[in-house]
Amino acid sequence: MIPLIYVLTVSLMMFTVGLYGILTVKGGIRLLISIEILVNSANLNIVAWAVNIADSSGIMFVLLSIAIAAAEAAIGFAIFVALYRQTKGIGLKSLMDLRW
Amino acid sequence: MYQVEEFLNPGVLAAVLIFLIPIILFPIILLLGKKFEKFRRYSGILATSGIFISFLLSYYLYSLNESFYYQNGWFYNFTWGVFVDPLSIAMAMMVSGVSFLIHMFAIGYMGKDPNRHVYFAETSLFTGGMLGLVLSSNMVMFFLFWELVGLCSYLLIGFWWFKPNAASAAKKAFIVTRVGDVLLILGLAVLYWSLLPVIKTGDPLSIYNILKYANIVPKDQLALAGALVLGGAAGKSAQFPLHVWIPDAMEGPTTVSALIHAATMVTAGIYLVARIYPVYLYAAPWAGYLVLYVGAFTAFLAGTMGLVMNDIKRILAYSTISQLGYMLSALGLGIVASQYTISISIYHLIVHAFLKALLFLTAGAILYSLLDIRDIRKMGGLWKRMPITITAMLIGALTLVGFPPTAGYFSKDEIISLSYYFSEQNPGIYYAWILLLIGAFLTTLYTFRMFFIVALGKPKSYAAENAKDPPWVMLAPIVILSILSLIYGIFQEGFYKYIGNFEFTLPLYIEILPFILVLFGIYIAWLFYGSSRFSAQNFARKSGFAYRIVKAKYYLDYLYTNIIADRLIVYLSYVVALFDRYIVDGFVNGIGKSFNYLASITRRLQTGIVQNYATFVIIGLIVFLILGKIMGVI
Amino acid sequence: MDYLLLLLVLPILFSIFTLVSGRYSKILSLVFSSIMLLTVLLFYEFINTNFTTDKFFGIGFDVGLNYLSYPLILLVTIVVFAAIFYQDPKIESSYFSYIFFLQFSLFGVFMSQNLFLFYIFWELVLIPSYFMIGRWGGPRKDYTALKFLIYTHVGSVIMLVSIFVLAFNYYSLNGTFNFDYNQIFSAMPSGALYYLVLTGFFLAFFIKLPTFPLHTWAPDVYVESPTTSSMIFSGLLSKMGAYGIFAIFINFKDSSVGWLILSLGIISLIYASFSALAQKDLKRMVAYASIGHMGFISIAAGVYLISSSELALVGGMFMMFAHGLIIPILFGTVGSIERSTGTRAIRDLGGLTKMMPNLAFLMTGGFLASLGLPGLAGFIAEFSVVVGSWQAITYVSFLIVFGLVLSASYHIWALQRTIFGPYNNYLGKIGDMIPREFWPVLILFLLVLLFGIYPYPIYHMFQAYMGGV
């Protein structure tokens, strides 16, 4: 068996990567990828614990979470299509209108 | 002296009407004259009649031969009312009588001036104010009338308001007398607090109370009050150093100068000191010496300045200041010697009222005839051309210098003799006697300088050549005043008994001394100005420096106007205004600006980039968690 | 007495009606303010009555009329009447609406017996004033309106803190909340809190008065407002501050506080007089004159705190009333000059008596009243204050009278430069005061004359108030 702590560490590293990505990326697709990484890290974490405690309700929850992540990605794409129609690009730099 | 309880007492009613009638005539004449142009011809007659009624009423009060007072609540502790005693009756009769004569003259003098209704309304108000002043029973009421006459003086000096000199002179008069007035208020404040513990409930500033209880009040407080009140009197009666407004006040019509600045308003200060005489009598001695020497010094100083003036009205103005100094000295002498010399001072006040009004009216007649030329160097030889007027002027001049048997001898020389009499017992008075004596000499000099230049010799201008006596409406008051000046000496003894006398005798050679000086003075004036023996110009050139100082009025005017007013006060005011605008207000604006600046920095947090916001959320969360861990909450 | 509520309800109703009256707004307002005047005169018999309600944490709608507030309410009605009379009818009807709303809040300030309610009305005054300056003011109206709002509001907010400190202190002492005037001051805290409470009330009242150094909003506000607004602001709003001092601030029976406000008052008087002397704009000069007069009120209150001199305090109260009548005269005449000649610059004016004799009469009368000429109401007040304060401060009185002389100087100098002297022909042919300007100013002047000769009606009311306190 893989020790719990290894899986949790991987999960933490994925979480950090995803968070960093959300906060700093400039491209729209990269943002979506970062969000996926973030969500998946949480999923991994839950699965690791579920296996550890041998409770399968956690895995059910993860399945739900994957579905939601997929839906959210779809919505994200829809927003980017609309944004592309407005600004002919999907860089996040142009979304600064509500500034001082 | 007793108190009258009810208002409807004939004496009280008469007293109130004496000052109320001319005051009521003010709005009446003003409004009627404004609405109906035809009425303006009669405004003078209306005003004169009102004053004549006041004169009759004051004679009625005199005939009652009683002293009484009436008071009624006014505000706080203070009361208003009338206070009738020989002093106030004498003043009332003098004011109404002289004012009546001057009004009569003014009817002719103002001629067809389009604003004459305003003039008569204002002089009527003034006369009423002056009468109220002498009859008031409470010092606050007194002060009210005091300022009222000051107001009328301001309005009447500036009567021809479109003349810049007149407007400026009125302003100067008001402000200089205002300085005196605020000192008077402070003096009243001291009196109020001094008398309050004595009187408890009642009016500490009622004249009856002041006269009755002055001897209980501590000496030093009385002296302080007296000195401050003297400051007020000095302002109104043009004593040194507040005398500078009267010469400028000559910009007003001559009848105004006669009425206000010779006979009546300027005497209010003397009346004030006489009225609260016991305050000075029981005060610490320095107050009395102050009164005496302010008066004596002014008498002397003004005399010197009268010598170098060329404007006929200004000569008379300085003469007035000088004579007021005599009146004040007479009071001062009594205070220092602890005697009641009020009668001597007031007698001279009345005689001076007659003679100064006479002199000013003759000057007015000359101005009327000579088309408003006031420079005596352009007159000359008027005696032949305006005989009645100039004879009257001669009578006035003789009275002024105190030539027997005119009334002036009985009044002014009496003061000089009095000062010598007291100086025998009190050597501190000796210098006052010297000042007054020299003053008499100077009086003669400038008076007869004026007379000889104006009356004798050849006319020095076209107008002077064609001068003639004015119409009878103007001559009549002049004649009446001349007669009064001549014969009023008869009433000296009666007057002294009436007001409360003080008798004394002196060796003959001392009493004659002023008269000898007068003769000497006339002779010298004749030498310089009557004949061509000596030339005044040469003398002036030789004395050079002294002449220049006197001519510049001892630079006192320069100090007040140019240095204090124009430089000090005006510059200070600019500094203050700029300070207010840029520093105090700048501070307020600065606070606003600093908040603006702070805001402009802190609002840069709103970058509009969502990721920045998200970063802040994450950071905040982490900080929160760490803090919670540290504080043991989580 | 429920009738007291009428005094509050009527102005609100009038305010609403005038809002919708359009062309007839001035006539309607005139009628309304006359009704108000009559009502207030009739309410003389309701002095010393109260109207109370149940308390919610000590806060209730308590109003009452006492001998201090009645003359002020009378003053408000008179000045509002005069201002409405004076106002040019060609203005939006909402202006009159604001005036009535202002009247409502002023009545509330003077009548409330509950400190919290007092605060509410105090702040309510700012709303109509902001608009009156900001919509119809002169060139710098935006800056001025904002400045006025923020400046006075800051002071008021700190006063709110003070009020709550007092209330909570009272609660800790007595177990209940009570905001009633007479009772809440028995719970004065000590130490640092005392100074906080003092500062709060000091700021609120002395900014409103106004007093040096918190006065700089006043010249701008009085100058930039339209004439009738200046009349109302300088005549009435400053009385809010004065009322606060006499009703509330007097409770700080501390003689060092007395010396503080005495000094501020004297500095105000002299400082404002010097400033007035240097002004080139006639209206700004009058604004500084108003500030100088309010210095007397500080002086009176200060002297009372030092020595309990009743004469001085009653003099200060009478000064409120007298000044409230005099200042509208000054602003009214300056407004006439502005309308008639098109300028307020003193150097452009001169010899106005030639073309404007009525104005000359009223302006001379007003200026003389303002400098304290006896026979006019201002003298009674100044005399009472100067005489009443001699005992307490002796030689400092010389400073006060120096201020009086300065005051006389700038007034007379202004008269000399504008009314007297040669006529400035560049002004051309100009008209005199028109009836809507002349009559209200004349009425005010006659009142000033009346109360100068017969001050007893108002004076004894203030004395009666002091007898009770």
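In this predicted model, the charged end of Lys412(B) sits over the ring of Tyr326(B), at a distance of 5.4 Å from the ring centre. An arrangement of this kind is also found in chain C, where the charged end of Lys208(C) lies over the ring of Trp122(C), 5.4 Å from its centre. Aromatic rings also pair with one another, and over all chains the structure holds 95 aromatic pairs. One of them joins Phe56(C) and Phe57(C) in an edge-to-face arrangement, with 5.1 Å from centre to centre and 80° between the planes. Both partners of this pair, Phe56(C) and Phe57(C), are exposed.

**How the chains meet**

There are 2 pairs of chains that touch, and the pair with the most contacts is that of chains B and C. Chain A and chain C, by contrast, do not touch, since their nearest C-alpha atoms are 23 Å apart. The two interfaces that chain B takes part in are set side by side below, each row giving one kind of value for both of them.

| Chain C with chain B | Chain B with chain A |
|---|---|
| 64 residues from chain C, 46 residues from chain B | 11 residues of chain B, 12 residues of chain A |
| Buried area about 4,800 Å², 75% on carbon and sulfur atoms | Buried area about 870 Å², 62% from carbon and sulfur atoms |
| 1 salt bridge | 0 salt bridges |
| 13 residue pairs in polar contact | 2 residue pairs in polar contact |

The size of an interface is often given as the accessible area lost when the parts come together. Between chain C and chain B this buried area is about 4,800 Å², and on the side of chain C three aromatic residues stand out: Phe274(C), Phe383(C) and Trp390(C) supply 13% of the area that chain C buries against chain B, more than any other three residues. The salt bridge counted between these two chains is formed by the side chains of Asp585(B) and Lys147(C), with 2.7 Å from N to O. Helix 17 of chain C, which covers residues 397-418, contributes 12 residues to the side of chain C that touches chain B, and this is the largest share.

**Chain B as a whole**

Chain B has 634 residues, of which 61% are buried, and its secondary structure comes to 26 helices and 3 strands. Taken along the principal axes, the C-alpha atoms of chain B fill a box of roughly 120 × 60 × 60 Å. Among the contacts in chain B with a separation of 6 or more, 82% are between residues 24 or more positions apart. Helix 10 of chain B, residues 254-263, is mostly covered, with 10 of its 10 residues buried. Among the buried residues of this helix are Thr254(B), Ser257(B), Leu259(B) and His261(B).

**Two residues of chain B in detail**

Is Thr79(B), a residue of strand 3 (residues 78-84) of chain B, buried or exposed? Thr79(B) counts as buried because its relative accessibility is 11%, which falls under the 20% limit for that class. The side chain of Thr79(B) makes a polar contact of 2.7 Å with the side chain of Asp203(B). When residues up to four places away in sequence are not counted, Thr79(B) touches Gln71(B), Asn72(B), Gly73(B), Trp74(B), Asn138(B), Asp203(B) and Ser206(B), so that Asp203(B) appears both as a touching residue and as the polar partner.

Leu224(B) lies in helix 8 of chain B, which spans residues 219-236. With a relative accessible area of 22%, Leu224(B) is partly exposed, because values from 20% up to 50% belong to that class. Which residues does Leu224(B) touch, not counting those up to four places away in sequence? Two of them, Val190(B) and Trp286(B), belong to chain B, while Trp390(C) and Tyr395(C) belong to chain C. This ties Leu224(B) to the interface already described, as Trp390(C) is one of the three residues that together supply 13% of the area buried by chain C against chain B. Within chain B, the C-alpha atoms of Leu224(B) and Leu186(B) are separated by 9.6 Å, although these residues are 38 residues apart along the chain.

Terms used
Residues numbered from 1 in each chain as written. Chains lettered and ligands numbered in written order. Predicted model: local features only at pLDDT ≥ 70, side-chain atom pairs only at ≥ 80, totals over all residues. Heavy atoms only, no water. Phe/Tyr/Trp six-rings, centres within 6.5 Å; stacked < 30°, edge-to-face > 60°. Buried < 20%, exposed > 50% of the residue type's maximum accessible area, 1.4 Å probe, protein only. Lys NZ or Arg CZ within 6 Å of the ring centre and 35° of its normal. Contact = heavy atoms within 4.5 Å. Buried area = accessible area lost by both parts, 1.4 Å probe. Salt bridge = Lys/Arg side-chain N within 4 Å of Asp/Glu carboxyl O. Polar contact = N/O pair within 3.5 Å; in protein donor to acceptor, adjacent residues only side chain to side chain. Helix = DSSP H or I, 4+ residues; strand = E, 2+ residues; numbered from the N terminus.
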